[in-house]
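Here are some notes to go with the structure, meant for someone opening it for the first time. Have it on screen while you read, and take the points in order.

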Amino acid sequence: MGNGGSVMKVEHVPSGVIMAKKIVLIDAKPSIRKQILRELHIIHTCSSPYIVSSFGAFISEPNICICMEFMDQGSFDSIYKAIGRPIPICIVRQAAKRVLGGLVYLYEAMGVLHRDIKPSNILLNSEGQVKLCDFGVSGELENSVAKTFVGTSVYMSPERIQGSDYTIKSDVWSLGITLIELAHGCFPFADTEVDESPLDSGESILSAPSAALSPTTHARRSRRKSKGVSVHGGVGTLSILELMHHIVREPPPALITPSIPHSRDFAGEAAQFVDHCLRKNPSERMSPRDLLTMSWMDDEGREDEIDLRTWARTL
């Protein structure tokens with residue numbers, strides 16, 4: 001499932017090309033329709049080895065169908081859950097470098113933020129290519145600062161949770177959380193699944209009291225709150241709203257932590273890279289282009305690493 005629609009594997013019979021078809025109701029609410037228009041515009045004009053490409057779109061009442069490149073190994077979210085273990089840190093490193101390449105392209109060439117970086121939106125194919133997908137939550141920049149509140153709540157940066165203006169550095173925070181999840185084999189704040197429902201544009205987790213919420217929003221938040229998550233794998237659980245407060249007010253998670261024994265084997269340069277992604281103050285957080293200059297992103301001297309293509313073909 002993607003944001004605002006479902007995705008299936010299909011074949012274009014005349015050419016024999018395998019595609020991923022995203023189906024979205026065209027009579028969806030206005031905010032979803034706007035997302036569809038943004039997505040169509042972005043995927044039709046993108047040309048990057050780090051962005052899923054588009055074959056086109058067509059109307060099939062009452063749906064609009066968007067045909068995209070099929071990534072046969074699926075998302076990193078589905079991969080680590082299917083294999084039942086963390087993603088090797090060398091693979092996490094290589095995926096991070098490609099995601100940063102995608103973010104730089106979107107920001108500098110297309111003028112957009114992704115705004116929903118998470119393991120399920122990072123795809124892999126058996127050629128070892130890593131690409132970003134799902135621009136249903138991307139948005140045009142307004143003087144390089146986005147003002148709407150959409151995306152997946154548990155991967156959001158502190159400034160987004162608080163409803164503040166944000167920049168591309170918010171995508172960097174989401175990347176840092178994503179890298180920890182892949183390397184640890186679990187969400188960094190939880191030992192159970194958490195709700196990944198996108199929030200409506202303009203809905204701030206730390207804003208209106210429950211009495212001021214609409215019945216629909218109140219029900220949505222109640223469902224979120226019913227799913228407890230534990231901080232750093234601890235015994236005590238937090239509601240989703242409490243988790244949002246934790247992200248804003250407590251120190252960020254770290255790549256190397258006593259609660260994840262195998263993380264002690266990770267290199268210091270990897271931990272330093274993630275630390276730079278997860279600075280609470282966005283002015284102290286590095287940009288995607290600056291992160292690409294860090295030592296962990298340097299491919300030289302890593303001949304002993306498994307390359308992405310070889311690893312992808314073992315899945």
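1. Start with Arg160 and Tyr166. The charged end of Arg160 sits over the Tyr166 ring, at 4.6 Å from the ring's centre. Bear in mind here and below that this is a predicted model.

2. Now for the chain as a whole. It has ten helices and 13 strands. There are 315 residues in the protein chain, and 51% of them count as buried. If you take the contacts between residues at least 6 apart in sequence, 67% of them join residues at least 24 apart.

3. Next, the aromatic rings. How many aromatic pairs does the structure hold? There are three. One to look up involves Phe76 and Trp311: the ring centres are 6.3 Å apart and the planes are at 15 degrees, and since planes under 30 degrees apart count as stacked, this pair is stacked. Phe76 belongs to helix 2 (residues 76–83) and Trp311 to helix 10 (residues 308–312), so the pair ties together parts that are 235 residues apart in sequence. Are these two residues buried or exposed? Phe76 is buried, at 1% relative accessible area, and Trp311 counts as buried too, with 7%.

4. Helices 3 and 5 are worth a good look. Two packed helices are described by the angle between their axes and the distance between those axes. For helix 3 (residues 89–110) and helix 5 (residues 169–184), the angle is about 160 degrees and the axes are 10 Å apart. Angles over 145 degrees count as roughly antiparallel, so that is how helix 3 and helix 5 lie to each other. The crossing of helix 3 past helix 5 is right-handed. On the helix 3 side, the contact is made by Ile89, Val92, Ala96, Val99, Leu100 and Leu103. Helix 5 brings Asp171, Leu175, Leu179, Leu182 and Ala183 to it.

5. Zoom in on Val92, which is found in helix 3. Val92 is buried, with a relative accessible area of 1%. Which residues does Val92 contact, leaving aside neighbours within four places in sequence? They are Ile87, Leu179, Leu182, Ala183 and Trp296. Take Leu182: Val92 and Leu182 are 90 residues apart in sequence, yet their C-alpha atoms are 6.9 Å apart in space.

6. Helix 5 has another partner, helix 8 (residues 268–277). The axes of helix 5 and helix 8 come within 8 Å and cross at roughly 140 degrees. Why is this pair called oblique? An angle of roughly 140 degrees is not over 145, the cut-off for roughly antiparallel, and it lies outside the other named ranges, so helix 5 and helix 8 count as oblique to each other. Val172, Trp173, Gly176, Leu179 and Ile180 of helix 5 meet Phe273, Val274 and Cys277 of helix 8. Leu179 is also listed among the helix 5 residues in the contact with helix 3.

7. Stay in helix 5 for Thr178. Thr178 is buried, with a relative accessible area of 0%. Not counting residues up to four places away in sequence, Thr178 touches Ile117, Lys118, Pro119, Ile122 and Tyr155.

8. That leads to Pro119, in the loop between strand 6 and strand 7. Pro119 is buried, at 1% relative accessible area. Apart from neighbours within four places in sequence, Pro119 is in contact with Ser75, Phe76, Asp77, Tyr155, Thr178, Glu181 and Leu182. Phe76 in that list is the residue from the stacked pair with Trp311. As for Ser75, the C-alpha atoms of Pro119 and Ser75 are separated by 6.5 Å, with their positions 44 residues apart along the chain.

9. Arg115 lies in the loop between strand 6 and strand 7 (122–124) as well. Most residues other than glycine have a negative phi. Arg115 is not a glycine, but its phi is positive, about 70 degrees. Is Arg115 buried or exposed? Arg115 is buried, with a relative accessible area of 5%.

10. Last stop: Leu113, in strand 6 (residues 112–113). Leu113 is buried, at 1% relative accessible area. Leu113 and Thr167 are 54 residues apart along the chain, and 7.7 Å separates their C-alpha atoms.

Definitions and conventions: Residues are numbered from 1 along each chain as its sequence is written. This is a predicted model: local features need pLDDT of at least 70, side-chain atom pairs count only at pLDDT 80 or more; totals for chains, interfaces and linings use all residues. Side-chain values use heavy atoms; hydrogens and water are left out. Rings of Phe, Tyr and Trp (its six-membered ring) pair if their centres lie within 6.5 Å; planes under 30 degrees apart count as stacked, over 60 as edge-to-face and the rest as tilted. Helices (H or I, at least four residues) and strands (E, at least two) are DSSP runs, numbered from the N terminus. Buried means under 20% relative accessible area, exposed over 50%, partly exposed in between (1.4 Å probe, protein chains only). A charge sits over a ring if NZ of Lys or CZ of Arg is within 6 Å of the ring centre and within 35 degrees of the ring normal. Axes are lines fitted to C-alpha atoms, for helices over the stretch in contact, and angles run from 0 to 180 degrees between N-to-C directions. Angles under 35 degrees count as roughly parallel, over 145 as roughly antiparallel, 65 to 115 as roughly perpendicular and the rest as oblique. A crossing is left-handed if the near helix is turned anticlockwise from the far one by less than a right angle, and right-handed if clockwise. Contact means heavy atoms within 4.5 Å.
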